[in-house]
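Trainee: Could you walk me through reading a chain contact and a helix?

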Amino acid sequence: MAFSVNFPLFSIVLCFMSAVLAALISGRAARAVTLALCALTAAGALILMFFGIRTGAATEYLMGHFPRPWGNELRFGILEPLLVLLFSLVMLLTLLGGRKQLELDLEKSKSNLYYMMCDLVLASLIALSYTNDIFTGYVFLEICTIAACGLLMIRQIGRTTLAATRYMIFSLIGSGLFLLGIVFLYAVTGQLLMPDLKAAIVSLWANGSYRTVLITGISLVSIGLAVKSGLFPFHFWMPDTYGYATPSSGGILSGLVSKGYIFLLIKLVLSVFTEDVFYKSGLSNVLYVLGAAGIIVGSIGALMEKDVFRMVAYSSAAQIGYIFMGIGISPDLGMLAAVFHIMTHALTKPMLFLASAQLSQAAGGKKRENWLGAAHFNRAAGAAFGFGTLSMIGIPLTMGFVSKYRFALAAFEKSELIVPTLVVLAASTILNAMYFIRVLVVLYSSPAEDKPRVRIRDQIPFAVSAALLILMNLAAGTAAKPLVGLISRGLGLM
Amino acid sequence: MKNGKKRSIKAFLRDWDAGRFDLDAAAAEPYSAAPEGESAEGTATPEESLPRRDVKAYRAVYPLLAAMLGAIMIVFLFLAVLDLPAFGKAGNPSENEVVRRYVESGLSETGAVNIVSGVILDYRAFDTLGESHVLFTGLAAVLILLLELDGKKEEPDLGLIRMKADSILGTAARLLIPIIVLFGIYVILNGHLGPGGGFSGGAIIGAGLILYAEAFGYEGLERFLNFRSFRIICLAALWFYSISKCYSFFCGANGLHTVFTTGTPGRILSAGLILPLNIAVGVVVACTMYGLYSLFQRGRI
């Protein structure tokens, strides 16, 4: 066994240790530790991904001396390291790019606590991606929830505290449903490790016993994760949560945390619930309908919003809708589109939040009317925002185009889904274009008054991280084939 | 506000919910806070987050939908519970090879007489590693919310909430605290031999510390448990857990032998890592309980 299979264990333990250490050191030191940690976990995940590609098989890694079904276990093939790589890279770039706002928003004596929460979120994202045990999933769900609330609350203005409370209530309802679902499944199977749970569910389903319990358990788990990631009609916390947090937190929460939950659901659907139970029991249709409704409702919400931050946040609700729609379509092509869209959104949304913060600062307000000509005062942020919106709308050459193309392609697998999917895609593209291009027009029209310019050399961290995010997006958007191939191989291994 | 003078609680809550409450003044957007004060106008006009009409419609539909959703949930859950296997019956699906091995070979494989400790700290130690960090995360979140480091250095007036001079409480506490703390230590140290362990023992010690603070004030405790030493103790306990378990997982996954042995079951120094891990968990739990209490009462540890 290659040494690289130990990297998941090391990265989780390192994240925990640096989180605990962050309580004792200054904010600057904690920041350095967190950035180094993100880089390390990214490197480890990259190596592990190449290991997975070379061997072409998934690895089961014992956490202790006892094999499943007795002890905890991790399991990774190609897709899990790929997502961990994405999560740690995006977190690194988000923290780098949001540095200026972080200095403004964080109380100096508490900034180390912010980076502690980042470490904990990273630890739980890694564990959620790698775990092969449904209860470990729950434990790290809890860490992720509490740490995400911490990331929100650190900007102590009334509205953020309110938003954090609301977020916590929704998130805890989601965790509670998830736990209840595990209890039901455990009561009729007696297993917690995913492969054994799968075997038990398949045999119970085949002989038809405990069908109500199985369906209830599976739906509670799926709905719990859907509530936590903000699927329609549980998306109303989003605008306040993402819109009033410090921009790095908004980026991490919308781009990464919700994706961690969704990836756990994808993992459960593929390697526990199985195609038979999940897709033939009609649960996938529920997710499909809610996802499609979420796309439309989120887009309309964004269209009616004057505050640009809240608009970007509403657009997140629509993107979550896309991902769930993909999960609902089919376990192969639909799932592929969903995973691709997870990547698109994780690479785009944090950049949009960071750029909006920069532009608001340059324009002197968060409302659209304040933004008249703001891109002239801060060209880097204007370019990043412009590119982000193009990717969100789905202009060719960006990742957004590829994911919409993949969703449409997936719909052709099932004849009854072709028309609704295409209609929803078309309508949402038009709505996206309406609200994003409206902002772009305001952003690049000639300003009413002259304001101080922010030059690129004054904000190198932001410019660099935005440039890297744009480059990754362009690379994956123009040459999507290798990435799509990688994802489909990874899905095959799960 | 239309009915400006007689603002009922309801109106108050409505304004809070719609974002028109004073909080928005506190939530003055820092990005627009230009030094010249040109943004004063922007912060003074409260933000219209939702048009009034929408709020009304929302309020009419929302309780209805919530009631429907709740009713559907209740029906589904009842149906599922009716379908569940009878509680605790022999031959239930949950009585399988997993539980059988825990019960039959738990003692010989982990060295712990208390099977629960064996399961949570050996078979499924990774979950418990996460779980002890959940406590730490919760404490850190409360720190973010409540910690007051700068500015308000002086002790807030606790006269109403702390009964420092209460002689009944003082006498009872003097009698009880040694027993409570000793019992907590006993529960932790015997976690692998009988019922108990780090979580329950730590909670008992935490209760003892809280009782001490309540009866005699924080000054005595601060001689050994100030904010700095508090963080060092947490760091030591959690790092010990992480490092030792990382070593043990690494050995287990790579098929290596660890230096920890199960020892003679029933002896106090047995069961390999379980005793030290119980101590670490106990320390974290006690610290968390005391820390939460202190933070909620006076805004610092």
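Mentor: Let's take the contact, then a helix, then one residue. Keep in mind that this is a predicted model, where local features need pLDDT of at least 70, side-chain atom pairs count only at pLDDT 80 or more, and totals for chains, interfaces and linings use all residues. Residues are numbered from 1 along each chain as its sequence is written, while chains are lettered from A and ligands numbered from 1 in the order in which they are written.

Trainee: How many residues does each chain bring to the contact?

Mentor: Two residues are in contact if their C-beta atoms, placed from the backbone, lie within 7 Å. Here chain A brings 62 residues and chain B 61. On the chain A side, α6(A) gives the most, with 11 residues. Helices are DSSP runs of H or I, at least four residues, numbered from the N terminus.

Trainee: What is the span of α5(A), and is the helix covered or not?

Mentor: The expected span is 1.5 Å times one less than the number of residues. For the 20 residues of α5(A) that gives 28 Å, and the end C-alpha atoms are 29 Å apart, so the two agree. A residue is buried if 20 or more other C-beta atoms lie within 10 Å of its own. In α5(A), 20 of 20 residues are buried.

Trainee: Why does Ala226(A) count as buried?

Mentor: Because Ala226(A) has 26 C-beta neighbours inside 10 Å. Ala226(A) sits in helix α9 of chain A. Leaving out residues up to four places away in sequence, Ala226(A) touches Leu231(A), Leu287(A) and Phe324(A).

How values were computed. Helices (H or I, at least four residues) and strands (E, at least two) are DSSP runs, numbered from the N terminus. A residue is buried if 20 or more other C-beta atoms lie within 10 Å of its own, exposed if 12 or fewer, and partly exposed in between; C-beta atoms are placed from the backbone.
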